[in-house]
Amino acid sequence: MNKGAGAGAARPQAEPLVPQEPDEFAVQISDQIESFILAVREVAKGDDPDSAVPYLLLEVSQLLLAGGRLGAHEDFVPDERYEPDAGPEPDEDDLRQRLAALLEPIDVYSEVFDPYVPRSTPVACRISDDMADVVADLAHGMTHFAAGRVSEALWWWQFSYLSNWGSTTSASLRALQSLVAHVRLDSPLDELDGLDTGGGADDDDALAEEAGRVMEAELGTLGLRPAQ
């Protein structure tokens, strides 16, 4: 997401709706966001690959509750007309690469960007890209929160939820839930024909062939244990 849409942009001057001393709502939202960031980074370490998918499903579901609360809240108005400098943007490339390696070959999935656009064409996405982008968005707001700029943090989290990480996280949730459902319902994915984020037909064929060969076994090693 382009942080330039928020950073440095002029905003109407108004009385803040949230005091700089965090209230209960702000603390709850920040706790949920911090928990998500820490959990995703812990999963990406790869110490417990058997639990990667269910942990991500759980954390994404909980994060969307925080997002829903932000979306349902009246607009937050920051104290300052321009967004204060939050410092360098966090580099989540390492997180992205670790997740991609951990989730291969189930990283790539298909998603419709906007369900209200008629005859939308599905596009290929990656869970690893989604998680890294969402963490970057949320960490940007956490920088403001940690510095005591509570209204700025809430404004940013609400704005970025509506413009980016809400839809991104929702798409990832569908992919993760689908993975769990395929295993729980004993319906392994036969192939991922055409689900590729780049390259030509040869890459598509290779991805489909690989997925068809290892999908069922691979899912079984990602913590989707049979129900007792």
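**View 1. D31 on helix 1 of the predicted model.** D31 is partly exposed, with a relative accessible area of 43%; buried means under 20% relative accessible area, exposed over 50%, and partly exposed in between, with a 1.4 Å probe and protein chains only. D31 sits in helix 1, residues 24–44. Helices (H or I, at least four residues) and strands (E, at least two) are DSSP runs, numbered from the N terminus. A66 is 35 residues away from D31 in sequence, and their C-alpha atoms are 9.6 Å apart in space. Residues are numbered from 1 along each chain as its sequence is written, and side-chain values use heavy atoms, with hydrogens and water left out. The model is predicted: local features need pLDDT of at least 70, side-chain atom pairs count only at pLDDT 80 or more, and totals for chains, interfaces and linings use all residues.

**View 2. Helix 1 against helix 2.** The two axes come within 10 Å and cross at roughly 155°. Axes are lines fitted to C-alpha atoms, for helices over the stretch in contact, and angles run from 0 to 180 degrees between N-to-C directions. Helix 1 is therefore roughly antiparallel to helix 2; angles under 35 degrees count as roughly parallel, over 145 as roughly antiparallel, 65 to 115 as roughly perpendicular and the rest as oblique. The crossing of helix 1 and helix 2 is left-handed. A crossing is left-handed if the near helix is turned anticlockwise from the far one by less than a right angle, and right-handed if clockwise.

**View 3. Helix 2 against helix 5.** Helix 2 (residues 52–72) packs on helix 5 at an angle of about 145°, with the axes 8 Å apart. This crossing of helix 2 with helix 5 is left-handed. Their contact has 16 nonpolar, 9 polar and no charged residues. Ala, Val, Leu, Ile, Met, Phe, Trp, Tyr, Cys and Pro count as nonpolar, Asp, Glu, Lys and Arg as charged, and the others, Gly among them, as polar.

**View 4. The bend in helix 5.** Helix 5 (residues 150–184) has 35 residues, and a straight helix of that length would span 51 Å at 1.5 Å a residue, yet the end C-alpha atoms of helix 5 span only 42 Å. The expected span is 1.5 Å times one less than the number of residues. At Y161, helix 5 bends by about 70°; the bend is the angle between axes fitted to the seven residues ending there and the seven starting there.

**View 5. Helix 4 against helix 5.** Helix 4 (residues 127–146) packs on helix 5 at an angle of about 160°, with the axes 9 Å apart. Helix 4 is therefore roughly antiparallel to helix 5. The contact of helix 4 with helix 5 has 14 nonpolar, 8 polar and 3 charged residues, and the crossing is left-handed. Of the 20 residues of helix 4, 16 are buried. The end C-alpha atoms of helix 4 are 28 Å apart, in agreement with the expected 28 Å. Just after helix 4, G148 takes a positive phi of about 85°.

**View 6. The cis peptide bond before P105.** The bond from E104 to P105 is cis, with omega near 5°. P105 lies in the loop between helix 3 (93–103) and strand 1 (108–111). Most peptide bonds are trans.
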